[in-house]
Amino acid sequence: MAKAELSAVVAPKCRKIAEEMGFELVEVALDREPGGKYLRIYIDKPEGITLDDCEIYHKAVRPQVENYDYDFMEVSSPGIDRPLKTDRDFERNLGAEVEIHLFRPLDGTKELHGILAGLEEGDILLDTPEGEKRIPRKAAALVKPVVDLEGIEEVNLSEEDGEA
């Protein structure tokens with residue numbers, strides 16, 4: 001499957017089904033790995049994606065994409081630390097702490113941390129302890145939210161209320 005077919009044919013079918021089911025299609029990717037070609041579909045919704053959501057979506061979308069050239073299909077959540085790629089990703093993360101990895105050093109560093117303040121005229125606005133920085137979006141190799149796991153060991157993951 002060529003990238004053109006993926007974006008022109010497969011992704012629109014996946015998007016239509018996702019929208020009908022109340023999900024957001026985040027990304028469709030075709031990855032070649034030693035075991036074969038993986039069609040990976042990432043879906044989301046405001047309250048997060050469950051395993052049941054992935055299973056239901058997988059069953060709905062499979063008949064629509066089975067005629068395309070791939071060996072395995074995976075449906076999953078993009079994850080809480082997914083890279084910010086689209087304008088919508090940036091909007092959703094306004095006010096969040098992010099890390100930005102640059103292709104080339106800017107002011108002597110290739111990695112910046114701060115609060116995402118917005119997008120303006122092709123630049124990422126970042127509030128840092130040193131003040132606001134404008135980073136050209138095309139200079140950023142990777143922008144992703146910082147996930148704070150402090151206190152995670154205190155979370156009760158038992159099935160029963162209040163019992164550890």
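In what order do the three strands of the open sheet lie, and what kind of pairing do they have? In this predicted model, the order is β1-β2-β3 and the pairing is mixed. The legends below take this sheet and then other parts of the chain.

**View 1. The open sheet of three strands, with its edges and its twist.** The strands follow the order β1-β2-β3, and the edge strands are β1, covering residues 24-33, and β3, covering residues 72-76, each of which pairs on one side only. From one strand to the next, the twist averages 15°. Strands of a sheet pair through backbone hydrogen bonds, and the pairing may be either parallel or antiparallel.

**View 2. The antiparallel pairing of β1 with β2.** Strand β2 comprises residues 36-44 and runs antiparallel to β1, to which it is joined by nine bridges. A hairpin makes the connection from β1 to β2 through two residues. Two positions can be followed across this pairing: R32 has K37 in β2 as its bridge partner, while E27 stands opposite Y42 in β2.

**View 3. The parallel pairing of β2 with β3, and the helix that lies across the sheet.** Five bridges hold β2 and β3 together in the parallel sense, and one of the residues involved is Y42, whose bridge partner in β3 is S76. Y42 also stands opposite E27. Helix α2, made up of residues 51-65, lies across β1, β2 and β3 and runs at about 140° to β3. Together, β2, α2 and β3 make a β-α-β unit that is right-handed. Strand β2 is mostly covered, with eight of its nine residues buried.

**View 4. An aromatic pair between F23 and Y57.** The count of aromatic pairs comes to two, and one of them is formed by F23 and Y57 in an edge-to-face arrangement, with 6.3 Å from centre to centre and 70° between the planes. This pair links distant parts of the chain, since F23 lies in the loop between α1 (residues 3-20) and β1, whereas Y57 belongs to helix α2, 34 residues apart from F23. Both F23 and Y57 are buried.

**View 5. The surroundings of L119 in strand β5.** L119 is found in β5, which covers residues 109-120. Leaving aside residues up to four places away in sequence, L119 touches D87, F90, I124 and R137. L119 and I135 are 16 residues apart in sequence, and their C-alpha atoms are 9.5 Å apart in space. The relative accessible area of L119 is 33%, and therefore this residue counts as partly exposed, as that value falls between the cut-offs of 20% and 50%.

**View 6. Two loop residues with a positive phi, D107 and E121.** Most residues other than glycine have a negative phi. D107, which is not a glycine, has a positive phi near 55°, and this residue lies in the loop between β4 (residues 97-106) and β5. D107 is exposed because its relative accessible area is 68%, which is over the 50% cut-off. E121 is likewise not a glycine, and its phi is positive at about 50°; this residue lies in the loop between β5 and β6, the latter covering residues 123-128. With a relative accessible area of 75%, E121 is exposed.

Note on methods: Residues are numbered from 1 along each chain as its sequence is written. This is a predicted model: local features need pLDDT of at least 70, side-chain atom pairs count only at pLDDT 80 or more; totals for chains, interfaces and linings use all residues. Side-chain values use heavy atoms; hydrogens and water are left out. Two strands pair if DSSP finds at least two bridges between them. Helices (H or I, at least four residues) and strands (E, at least two) are DSSP runs, numbered from the N terminus. Axes are lines fitted to C-alpha atoms, for helices over the stretch in contact, and angles run from 0 to 180 degrees between N-to-C directions. Contact means heavy atoms within 4.5 Å. Buried means under 20% relative accessible area, exposed over 50%, partly exposed in between (1.4 Å probe, protein chains only). A crossover is right-handed if, with the strands pointing away from the viewer, the path from the first strand over the helix to the second runs clockwise. Rings of Phe, Tyr and Trp (its six-membered ring) pair if their centres lie within 6.5 Å; planes under 30 degrees apart count as stacked, over 60 as edge-to-face and the rest as tilted.
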